[in-house]
Amino acid sequence: MASSTVNIIPVGGGKGGIGKSVISTNLALGIALSGQKVVLMDGDFGSSNLHALLGISHPLYGFQDLFINKKSPDSLLIETGISNLKFISSAGDNPGSANIDSERVKKVISFIKKLNADTVILDLGPGTSFNVLDFFNMSSKGIVMSSPETTSVMKTFSFVRSALFRRISRQLKNLSALQKLVDHSKPTNADLETYTVATLKDNIKKIDKTQIEKVDEIINEFKPAIILNRVRNKKDLLAGNNLVNLVKKYLEVDLNYIGYIVESDRVRESVEDMVPFLIKNPQSKPSENLQQIIGTLTNTDLHLVKEDGRIFVSKQVRLNSGWDA
Ligand SMILES: Nc1ncnc2c1ncn2[C@@H]1O[C@H](COP(=O)(O)OP(=O)(O)O)[C@@H](O)[C@H]1O
Ligand SMILES: [Mg+2]
């Protein structure tokens with residue numbers, strides 16, 4: 001078995017209904033079609049519905065079986081009909097499962113790291129609870145999503161801040177006074193300029209000057225990507241740049257704007273039909289947008305074509321990506 005580490009891509013964002021699940025599903029599918037071994041995992045423990053997007057109506061088992069039946073990680077993988085793509089459900093009969101405790105979070109995290117896959121896409125639930133943040137922080141290059149509305153942009157900004165502050169508080173855990181500063185999970189617009197990284201650093205300096213270098217290190221290694229979804233026009237696209245600028249200005253973090261997906265009936269229809277849009281309509285606008293994003297993530301040019309009901313995949317490795325137009 002390959003000993004290289006799994007590339008984990010958590011997908012989060014402040015608000016529900018911005019397309020995390022539908023984009024995660026199609027992203028996982030597209031990366032699988034490009035040749036990688038992919039596991040898509042439902043990380044929305046409260047209201048899991050990811051299986052439905054793959055056309056699976058009743059998953060027979062889920063990750064909860066880890067705790068109940070002590071199953072081996074690979075036995076929890078569900079076939080999807082796509083050879084390179086496996087699925088892990090979180091659908092279970094436990095209504096309290098949204099609030100899995102930190103012990104279980106740790107177990108799930110070590111479980112994910114042991115999966116036999118090139119890439120794991122982890123679709124997260126809404127909000128900024130510590131569960132969600134700790135899953136998001138499994139990688140320093142997770143994906144955050146937003147729609148173009150200001151409320152969504154602000155929620156996603158808060159999500160990035162909460163994830164960053166959580167990183168800082170966990171790595172500087174001897175500073176318990178900090179916990180209060182960083183446990184600020186529901187900031188409002190009014191907090192925008194008060195709870196910035198600059199304020200945080202000032203406060204840290206008052207407690208322990210020597211920690212600032214470490215804080216800068218944590219900030220520098222945090223490089224989430226952003227996908228803007230439900231874009232209707234050129235002006236909407238600016239919301240992505242706006243978010244990048246806000247995050248740079250107030251959090252000193254470089255967000256990587258990897259692309260956008262248009263608002264489209266093809267997406268809605270695919271959800272209703274329980275068939276990912278990338279397979280249903282590979283040449284539709286949202287599919288083209290997503291292929292572009294997958295190309296960026298995998299450093300390839302991915303191109304899907306459907307003929308006589310069959311999908312054809314062509315893929316070219318980008319040799320000198322630095323010189324692309
Ligand atoms: N690009 C899009 N165009 C049209 N509808 C979309 C798009 N993205 C998401 N939707 C709609 O939004 C609904 C919610 O998406 P979902 O992925 O479940 O959001 P989340 O996981 O963030 O809560 C989908 O069922 C779909 O109908
Ligand atoms: Mg969801």
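Two rings of Phe, Tyr or Trp are taken as a pair if their centres lie within 6.5 Å, and in this predicted model the count by that rule comes to four aromatic pairs.

Begin the tour by selecting Phe-45 and Phe-63, whose rings form a tilted pair with 4.7 Å from centre to centre and 55° between the planes. Phe-45 sits in the loop between strand 2 (38-43) and helix 2 (50-53), while Phe-63 sits in the loop between helix 2 and helix 3 (65-68), so the pair ties together parts that are 18 residues apart in sequence. Colouring by accessibility will show that Phe-45 is buried, with a relative accessible area of 7%, and that Phe-63 is buried as well, at 0%.

Move next to Phe-136 and Phe-159, where the ring centres are 5.0 Å apart and the planes stand at 85°; planes over 60 degrees apart count as edge-to-face, so this pair is given that name. The pair links distant parts of the chain, since Phe-136 belongs to helix 5 (residues 130-136) and Phe-159 to helix 6 (residues 150-171), 23 residues apart. Both Phe-136 and Phe-159 are buried.

Before leaving the aromatic rings, add Phe-135 to the selection of Phe-45 and Phe-63, because ring pairs link these three residues into a cluster.

Now select ligand 1 together with the 15 residues around it, of which Gly-17, Lys-20, Ser-21, Val-22 and Asn-229 come nearest. The residues of this shell divide into five nonpolar, six polar and four charged, and helix 1 (20-33), strand 7 (225-231) and helix 11 (265-273) each supply at least two of them.

With backbone atoms displayed, three polar contacts of the ligand can be examined in turn. An oxygen atom of ligand 1 lies 3.1 Å from a polar backbone atom of Ile-18, and an oxygen atom of the ligand is found 3.0 Å from a polar backbone atom of Gly-19. A nitrogen atom of ligand 1, in turn, is placed 2.9 Å from a polar backbone atom of Val-262. If the ligand's surface is then drawn, the figure to keep in mind is that ligand 1 taken alone exposes 570 Å², of which the protein buries 84%.

From Val-262, the last stop is Asn-289, which touches Val-262 along with Tyr-260 and Ile-261, leaving aside residues up to four places away in sequence. Asn-289 has its place in helix 13 (residues 285-298), and is buried, with a relative accessible area of 7%.

Definitions and conventions
Residues are numbered from 1 along each chain as its sequence is written. Chains are lettered from A and ligands numbered from 1 in the order in which they are written. This is a predicted model: local features need pLDDT of at least 70, side-chain atom pairs count only at pLDDT 80 or more; totals for chains, interfaces and linings use all residues. Side-chain values use heavy atoms; hydrogens and water are left out. A residue is near a molecule or strand if one of its heavy atoms lies within 4 Å of it. A polar contact is a pair of N or O atoms within 3.5 Å; within protein, one must be able to donate a hydrogen and the other to accept it, and residues adjacent in sequence count only if both atoms are side-chain atoms. Accessible areas come from the Shrake-Rupley method with a 1.4 Å probe; for residues, only the protein chains shown count as cover. Helices (H or I, at least four residues) and strands (E, at least two) are DSSP runs, numbered from the N terminus. Ala, Val, Leu, Ile, Met, Phe, Trp, Tyr, Cys and Pro count as nonpolar, Asp, Glu, Lys and Arg as charged, and the others, Gly among them, as polar. Buried means under 20% relative accessible area, exposed over 50%, partly exposed in between (1.4 Å probe, protein chains only). Contact means heavy atoms within 4.5 Å. Rings of Phe, Tyr and Trp (its six-membered ring) pair if their centres lie within 6.5 Å; planes under 30 degrees apart count as stacked, over 60 as edge-to-face and the rest as tilted.
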